Amino acid sequence: MRPATGDDTSAVKDVILARSAWLEERGRPTWRDSADDLAAQASMGYMWVLESDSSGVIGCTTLQEEHPPWGWTPAELAQPALYLYTTATHPAWRHYKPGTLIAFWAVDHAARHDKQWVRRGCFFPGLVRYYETQGFHLAHEVERTHHRVYLMARQAQRLPAGAMLR
């Protein structure tokens with residue numbers, strides 16, 4: 001994992017479009033219409049990319065200290081935490097579990113930067129179940145304008161490199 005730069009915009013867009021095609025084949029919603037906007041985050045200073053030595057960028061995520069103010073209690077918002085969102089991985093690398101690797105990296109990264117929590121949100125119960133396999137727990141369900149949002153959290157902790165590769 002490394003910080004993304006403007007030079008990564010095209011590669012990040014390719015990952016998002018590949019993931020979108022994979023989701024569309026399964027009849028699921030995608031980020032296709034937002035691919036340009038999401039890829040532009042590579043130059044904004046809070047996106048990280050997962051690289052393969054042989055294939056370049058194979059995943060991306062955004063990690064910020066700012067949370068959506070809705071859905072979290074004032075006490076939770078006062079806790080030092082990082083918010084993980086817009087994680088996308090290239091489906092050709094699925095068997096290596098790059099999404100889990102990114103999540104574990106974020107948990108370790110947060111601990112190394114004196115944060116107590118890593119938080120994330122999603123719109124689909126299937127993603128809740130997937131994130132639970134990464135050690136996140138469902139903290140809140142919030143009804144937003146047209147969507148139910150599932151807010152999840154995991155305590156930050158140092159993880160040995162080997163734990164991230166399982």
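# A first look at this chain

The accessible surface of the chain adds up to about 9,000 Å², and carbon and sulfur atoms account for 50% of that. Keep in mind that this is a predicted model. Below is a quick tour, starting with the whole chain and then stopping at a handful of residues.

**Overall build**

- The chain is made of 6 helices and 7 strands. Reading from the N terminus, the order of elements is β-α-α-β-β-α-β-α-β-α-β-β-α.
- The radius of gyration is 15 Å, close to the 15 Å that the globule rule gives for 166 residues, so the chain is as compact as a globular protein of that length.
- Measured out along the principal axes, the C-alpha atoms fit a box of roughly 40 × 40 × 30 Å.

**Packing and charge**

- Of the 166 residues in the chain, 46% are buried.
- Take the contacts between residues at least 6 apart in sequence: 62% of them join residues at least 24 apart.
- The chain carries 18 positive and 18 negative charges, and the mean positions of the two sets sit 7 Å apart.

**Strand β3: Cys60 and Thr61**

- Strand β3 covers residues 56–64, and Thr61 is part of it. Cys60 has its place in strand β3 too.
- Thr61 has a relative accessible area of 0%, so it counts as buried.
- Who does Thr61 touch, once residues up to four places away in sequence are set aside? The list is Met1, Tyr46, Met47, Trp48, Leu84, Tyr85, Thr86, Thr87 and Ile102.
- One polar atom in the side chain of Thr61 lies 3.3 Å from the backbone oxygen of Tyr85.
- Cys60 is buried as well, because its relative accessible area is 1%, under the 20% cut-off.
- Leaving out residues up to four places away in sequence, Cys60 touches Val12, Met47, Trp48, Val49, Thr86, Thr87, Ala88 and Ile102.
- For a sense of distance, Cys60 and Arg144 are 84 residues apart along the chain, and 26 Å separates their C-alpha atoms.

**Two residues with positive phi**

- Thr86 belongs to strand β4, which spans residues 81–89. Its phi is near 50°, a positive value in a residue other than glycine.
- Is Thr86 buried or exposed? With a relative accessible area of 13%, Thr86 is buried. You've met this residue already: Thr86 is among the contacts of Thr61, and Cys60 touches Thr86 too.
- Asp114 isn't a glycine either, yet its phi is positive, at about 60°.
- Where is Asp114? Look in the loop between α4 (98–112) and β5 (117–122).
- Asp114 has a relative accessible area of 67%, and since the cut-off for exposed is over 50%, Asp114 counts as exposed.

**Helix α1: Ser20**

- Ser20 is in helix α1, which runs over residues 9–25.
- At a relative accessible area of 1%, Ser20 is buried.
- Apart from neighbours within four places in sequence, Ser20 is in contact with Thr30, Trp31 and Arg32.
- With Trp31 there is also a side-chain link to the backbone: the side chain of Ser20 reaches the backbone nitrogen of Trp31 at 3.5 Å.

Notes. Residues numbered from 1 in each chain as written. Predicted model: local features only at pLDDT ≥ 70, side-chain atom pairs only at ≥ 80, totals over all residues. Heavy atoms only, no water. Helix = DSSP H or I, 4+ residues; strand = E, 2+ residues; numbered from the N terminus. Buried < 20%, exposed > 50% of the residue type's maximum accessible area, 1.4 Å probe, protein only. Polar contact = N/O pair within 3.5 Å; in protein donor to acceptor, adjacent residues only side chain to side chain. Contact = heavy atoms within 4.5 Å. Rg over C-alpha atoms; globule rule 2.2 N^0.38 Å. Areas by Shrake-Rupley, 256 points an atom, 1.4 Å probe, with all protein chains shown as cover. Lys, Arg positive; Asp, Glu negative; His and termini not counted. Charge placed at Lys NZ, Arg CZ, Asp CG, Glu CD.
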